[in-house]
Amino acid sequence: MKFSRRTKVVAAVAGAASFALLAAGCSSTGGDGGSSSNPITLTVTTFGTMGFDKLYSQYEKEHPGITIKATNIDTGDNALTDWQTKQAAGSGLPDVQAVEEGWLSKVMQVSDQFNDLKDYGASKIDSRWVDWKLKQATDKSGRVIGYGTDIGPEGLCYNSKLFAAAGLPSDRDAVATLFGGDNATWADYFKIGEQYKKATGKPFYDQSGFLWNAMVNQQPEGYYTKDGKLNIEDNADLKALWSQLAGGAAAGLSSNQTQWDWGKGKAFTDGSFATFVCPGWMLGVVQGQVKAGGGDAATGWDFANVFPGGAANWGGSFLTVPKQSKHPKEAAELAAWLTTAKSQVSTFQAAGTFPSVTDAQSDPGVTGESDLTKFFNNAPVGKILAERANGVVAQYKGPDDSVIQSQVFGPSVQELDSGKANGDQAWSNAMKLLDQLVVNK
């Protein structure tokens, strides 16, 4: 089980210690222009649903002589494995590499293997992003190695038809009030889930992994402290949240769905669950899953301006230029263009990825109507996400953060949902896996 952004089960990734052996890739320090008389091809590797497809074609039209060869890897963790393999080999990386927040710390361990975007104009556009986004992509030497794409403020997706059938409010404002508005707690969420289960006999949420991910992300410090030390075994706050999660699973509130599959989308259309945690980029996933399951906007999914436990950020990516690139200048220009306000409005409309560029956040293309707003019962998704972004500051992610999410807590969450272990047993099992899988404890 994976609960980092756009992920699913993959093999265990190499430990941080392996990066000491990484080979430096050769690169050119200049640019050759990409003119009609001297055409070049820029390679780009992304993952999941990032909304860039239409932008590639537009960029090619505006920049004759440049062809973009894009590769999209299905999940963020498979993209991590791909990056690690090619980085270690010293060859094979693209001109522009998308990096997920969850494995940014691994990238920072070898930040000298990425071009400093200050050499290509980053200082002239550094006010473009929310300040913490730029700080995330700045290494200890002050080098900017990535341009921010989206951020992941979370709201609550819910099925209004299922809520109404259970005797619960279905209007999104009333739903926000039901969960506690600005004071919403996870205790409230599980209590309402028990009411729903009693009225319908059905689970309340798809599976416990995404809830656990949100709970951890809401903490000032998650699996790591701000100074990079592991922060799990004796963390009373995480243990208390785990106990709540275990209680929800024991009460039958989890539908025990397979992450990133959901019965090929059927679980979103057949009433298998009624609520779903939704960072902005997940809205496009929900829409796609409903369509895959044979549903449409009439299926009843809506989006409420509320989230248990308060502000939370899940995900957010960066566009980097590895030193293996043969065209670093042109690659940096492409990365900068793909992260303008106009481009981020476009990716939001295509995939629901909420902009990290401040001007884009208030653009009518984000706050107004779109295919997403129509799908989610005319919910003002852009305005809601802007409000959900208030108070969000991305949590420090340590080098093995994604391993801990998937390889350590993944199996234990499955134990909770399947009833194979209670909360104490599942936590103990997770700590055993932590000892086995995480180095430099």
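1. Let's start with Phe276 in this predicted model. Leaving aside residues up to four places away in sequence, Phe276 touches Gly155, Leu156, Cys157, Asp206, Phe210, Trp262, Phe268, Met282, Val286 and Trp301. Phe276 is also one of the residues with the most contacts inside the largest nonpolar core, along with Trp212, Val286, Phe376 and Phe409. Notice that Val286 turns up both in that group and among the contacts of Phe276.

2. The core itself deserves a look. It counts 130 residues. Which helix gives the largest share of this core? That would be α11, residues 328-338, with seven residues.

3. Trp262, one of the partners of Phe276, is worth checking for its backbone. Its phi is positive, about 50°, and it is not a glycine. For context, most residues other than glycine have a negative phi. Trp262 sits in the loop between α9 (236-250) and β7 (275-279). Is Trp262 buried or exposed? The relative accessible area comes out at 0%, so Trp262 is buried.

4. Asn377 also has a positive phi, here about 55°, and again the residue is not a glycine. You'll find Asn377 in the loop between α15 (371-375) and α16. With a relative accessible area of 44%, Asn377 counts as partly exposed, whereas Trp262 is buried. If you go through the backbone by eye, I'd put these two on the list.

5. Next comes α16, residues 381-388. Its buried residues are Val381, Gly382, Ile384, Leu385 and Arg388. Why do they end up on the same side of α16? They cover an arc of only 160° around the axis, so they share one side of the helix. Note that Arg388 is among the buried ones.

6. Now the largest pocket. Its volume is about 680 Å³, and 22 residues line it. Nearest its centre lie Ser105, Met108, Gln136, Thr138 and Tyr396. Two helices, α3 (104-108) and α4 (131-136), each supply at least two residues of the lining. As for chemistry, the lining divides into seven nonpolar, eight polar and seven charged residues.

7. Gln136 is a good place to zoom in on that pocket, being among the residues nearest its centre. Gln136 belongs to helix α4. Its relative accessible area is 17%, under the 20% cut-off, so Gln136 is classed as buried. Which residues does Gln136 touch, not counting those up to four places away in sequence? The partners are Glu101, Leu104, Met108, Phe318 and Ala394. Met108 is another of the residues listed nearest the pocket centre.

8. Asn78 lies in helix α2, residues 76-89. Asn78 has a relative accessible area of 23%, so it falls in the partly exposed class. In sequence, Asn78 and Phe47 are 31 residues apart, and in space their C-alpha atoms are 8.3 Å apart.

9. Last, Asp171, which is placed in the loop between α5 (160-165) and α6 (172-179). A relative accessible area of 45% makes Asp171 partly exposed. How far apart are the C-alpha atoms of Asp171 and Ser36? The separation is 56 Å, for two residues 135 apart along the chain.

Terms used
Residues numbered from 1 in each chain as written. Predicted model: local features only at pLDDT ≥ 70, side-chain atom pairs only at ≥ 80, totals over all residues. Heavy atoms only, no water. 1 Å grid on protein atoms, 1.4 Å probe; cavity = no way out; pocket = protein on both sides within 12 Å on 5 of 7 lines; lining within 4 Å. Points joined across faces, edges and corners; volume = space filled by probe spheres on them. Helix = DSSP H or I, 4+ residues; strand = E, 2+ residues; numbered from the N terminus. Nonpolar A, V, L, I, M, F, W, Y, C, P; charged D, E, K, R; others polar. Core = buried A, V, L, I, M, F, W, Y, C linked by side-chain atoms within 4.5 Å. Buried < 20%, exposed > 50% of the residue type's maximum accessible area, 1.4 Å probe, protein only. Contact = heavy atoms within 4.5 Å. Arc of directions from axis to C-beta.
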